[in-house]
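Dear colleague,

I am passing on a structure that will be new to you, and I would be glad if you could look through it before reading my notes below.

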Amino acid sequence: MTRKKNKIYKKKGKIVKDLTKNIFRILNEDSEKFYNYKQIAAKLKISDTDGKTQVLKKLAELTATKKIKEVDRGKFQINTDRKYSIGTLDITSNGNGYFITDDYENDIFIPNINLGKGLHQDTVKAYVYKKRSGKKLEADVVEILERAKTEFVGVLQMNKNFGFVVPDSNKMYADIFISQNKLNGAQDGDKVQATIVDWPENSKNPFGKITTVLGKPGDHNTEMHSILLEYDLPYEFEPEVEKEAGNLPIEITKAEIAKRRDMRKDLTFTIDPKDAKDFDDALSFTKLENGNFEIGIHIADVSHYLQPKTILDDEAYKRATSVYLVDRVVPMLPEMLSNGVCSLRPNEEKLTFSAVFEINKKAQIINQWFGRTVTYSDQRFAYEEAQSIIENCKLSDDIKPYTMPLETSIIDEEYQVDPKIVEATLKLDELAKILRKKRMKEGAISFDRVEVKFNLDENANPIGVFFKESQDANKLIEEFMLLANRKVAEFIGFSKGKATNKTFIYRVHDEPDVEKLASLQNIIGKFGYKINTDSKESTSDSLNKLLNDVHGKAESNMIETLTIRTMSKAVYTTQNIGHYGLAFDYYSHFTSPIRRYPDVMTHRLLQYYLDGGESPKADIYEEKCKHSSKREELASKAERDSIKYMQVKYMQDHKDEIFDGVITGVTEWGIYVEISSNKCEGMVRIRDIKSDYYIFDEKQYAIVGQSTKNIYQLGNEVKIRVKNTDLERKHLDFSLIED
């Protein structure tokens with residue numbers, strides 16, 4: 001469980017990565033030694049003045065908080081007297097935990113008995129000590145400073161006059177005691193949300209009250225609402241929010257148009273998923289007399305309607321993102337805004353915020369313009385329709401209208417596509433491919449993963465599984481959205497050959513952890529693949545080659561997932577370090593303000609700077625960035641849980657069928673197998689394999705039969721049968737079909 005940290009010094013721009021951790025690593029190597037700031041900088045391979053200054057400041061900060069001590073003028077040593085640290089808890093599924101703190105390089109094990117009523121992600125004060133038998137550290141929680149959450153979803157189990165809520169989350173190790181007068185009408189067996197109100201010193205269970213009765217376990221809506229509430233994601237808007245949205249003035253006045261660049265006559269269209277209801281981006285295309293093209297990337301001007309310090313804005317910030325579950329979208333904005341006034345629907349005038357580029361035939365940017373516009377969408381395409389044009393039409397001097405086939409048309413009938421739109425689509429596709437090729441050459445990593453989608457009946461029951469791959473039409477939109485996001489960030493963050501240091505909202509992605517890459521190499525080596533991590537360039541090149549080589553193979557999903565896990569998480573921040581995965585020095589989120597709050601902040605700051613404003617203080621925006629990153633992470637977890645739920649529900653109708661699968665994980669208690677035909681993953685428990693007594697071999701990523709020496713190894717193809725489906729735990733149990 002201990003997560004080793006990257007020990008390589010990295011410096012990007014003006015920020016030294018992991019400085020606190022690396023200083024502690026050096027001082028902990030020998031607690032008797034002391035170092036000055038120059039010696040520490042040398043060990044970290046920091047040679048520039050700015051980096052050394054950061055080291056000096058950090059040493060002063062750590063000395064002031066008594067984490068280290070100054071034993072002589074300018075000479076520093078670890079403070080071995082200091083035993084207490086502040087950090088967060090990471091609870092495991094077996095009820096133990098790990099203490100994560102900047103004071104120590106590695107996470108510190110906490111046995112369940114030492115958790116001191118601390119829960120997952122709580123901020124705590126802990127006493128750190130060495131185990132009697134050896135040098136390993138353990139921790140004992142002595143004080144809970146801040147609860148990460150107090151509300152939990154689970155099933156109520158009633159006794160005579162009281163009950164316990166058994167939480168769904170395997171990170172919550174204690175059931176919640178509910179007294180008779182705190183039931184709020186809940187009945188035995190109900191799925192509920194309970195809030196912890198107290199945890200008496202002499203009780204092993206927290207005391208709580210039921211705040212929401214969700215329904216019966218297994219009911220579809222009950223389970224979807226449970227997933228949302230588990231991650232503190234609301235599934236409806238309060239009446240006052242809906243009321244404020246309904247009272248917004250939505251008429252586009254002549255006075256408002258006069259303030260904007262009028263682009264209503266430019267050929268403009270949208271390309272979105274066929275089931276989309278909120279269209280937050282559109283492209284315009286104009287051929288210029290000089291042979292270049294003017295391409296507008298037009299984004300819904302949400303910030304025009306969403307004014308700061310209003311109920312509506314507060315709610316959008318609180319949510320920070322739309323949530324996409326398998327069967328529904330929980331929007332960041334009320335439907336009146338997200339699907340109505342802000343959505344760039346066809347044949348309607350809309351207020352937009354635009355990035356407009358003059359681009360030549362080599363996809364080079366000649367000129368650029370940013371600002372508020374008014375636009376008119378001439379056509380709405382689904383990705384499948386745009387793909388049909390790309391596959392069946394060619395650029396020529398005499399482009400004919402294209403007949404959209406009935407089986408592709410989203411209006412359920414054939415229709416004629418205007419030759420100008422056909423030409424625009426083909427030329428945009430051509431330019432997008434040049435942009436993508438250039439991006440890949442500069443070190444971007446291509447994660448073209450297959451998405452698992454479900455065909456649902458009228459009751460949202462899964463009746464089929466299909467895979468969705470990114471095609472040329474998807475990549476066309478992706479490239480122009482990436483272009484707008486990158487150029488907006490460069491426009492604010494970079495001028496006259498250097499960083500401007502203006503406060504802005506960046507989307508950053510750090511380099512991969514070298515030790516995680518080494519672990520990946522060990523695994524993929526068993527399949528005959530390898531990666532070269534000698535340099536940043538060789539790493540990205542070899543990762544792309546790996547992803548290309550495994551595409552379509554049985555082990556592809558597993559290796560793609562493992563590769564993604566080597567990557568750092570992309571986050572929002574005002575501190576720019578670039579975006580490793582996209583190979584961009586500057587990157588922001590500008591193109592989806594209907595569903596992402598950081599894009600709204602980007603729009604506001606961009607307009608503020610266009611109006612000549614001075615850089616505001618970064619602190620407030622940094623706090624909002626952290627909040628947005630956290631909400632994004634919670635939304636992602638909810639989305640994954642909804643997919644797991646639907647997979648389990650789908651497999652309920654396929655019990656006792658035999659499936660081909662691939663071993664995707666190996667543990668001491670069993671092997672995880674992913675079914676090749678539908679990507680559903682479940683577990684074969686070691687105790688259920690009857691042919692031999694199997695032992696976990698960590699080095700081989702395998703379980704080995706003690707008598708037969710038979711091996712079941714990561715990546716092996718096997719046959720399984722569905723043994724059990726557990727909707728509440730979102731878990732599948734498989735039986736192994738042995739030869």
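Please keep in mind throughout that this is a predicted model. I begin with a detail on one strand pair and then widen the view.

Val673 stands opposite Gly682, a residue of strand β34. This pair belongs to a contact between β33 and β34 (residues 681-685), two strands that run antiparallel and are joined by five bridges. The hairpin of β33 and β34 has five residues between the strands, and there Lys679 adopts a positive phi near 65°.

On its other pairing, β33 meets strand β32 (residues 658-666), again in the antiparallel sense and over five bridges. Within that pairing, Val662 has Glu674 of β33 as its bridge partner, and the hairpin that joins β32 to β33 does so through three residues. As for β33 itself, which covers residues 670-675, five of its six residues are buried, so that the strand is mostly covered.

Turning to the interior, the largest nonpolar core has 83 residues, and those with the most contacts inside it are Ile297, Phe381, Ile389, Val417, Leu476 and Phe480. Helix α12 (residues 472-493) gives this core its largest share, which is ten residues. If you would like one residue to start from, Phe480 may serve, for, leaving aside residues up to four places away in sequence, Phe480 touches Leu283, Ile295, Ile297, Ile359, Leu428, Leu431, Ala432 and Leu435. There is also a second, separate core of 54 residues, which includes Leu233, Val323, Ile531 and Ile720.

For the chain as a whole, the secondary structure comes to 17 helices and 39 strands. The radius of gyration is 28 Å, close to the 27 Å that the globule rule gives for 739 residues, and the chain is therefore as compact as a globular protein of that length. The C-alpha trace spans about 80 × 70 × 60 Å along its principal axes.

Two further values describe how the chain is packed: buried residues make up 50% of the 739 residues, and, of the contacts with a separation of 6 or more, 64% are between residues 24 or more positions apart. On the outside, the chain exposes about 36600 Å², of which carbon and sulfur atoms supply 46%.

With kind regards

Terms used:
Residues numbered from 1 in each chain as written. Predicted model: local features only at pLDDT ≥ 70, side-chain atom pairs only at ≥ 80, totals over all residues. Heavy atoms only, no water. Buried < 20%, exposed > 50% of the residue type's maximum accessible area, 1.4 Å probe, protein only. Helix = DSSP H or I, 4+ residues; strand = E, 2+ residues; numbered from the N terminus. Pairing = 2+ DSSP bridges. Core = buried A, V, L, I, M, F, W, Y, C linked by side-chain atoms within 4.5 Å. Contact = heavy atoms within 4.5 Å. Rg over C-alpha atoms; globule rule 2.2 N^0.38 Å. Areas by Shrake-Rupley, 256 points an atom, 1.4 Å probe, with all protein chains shown as cover.
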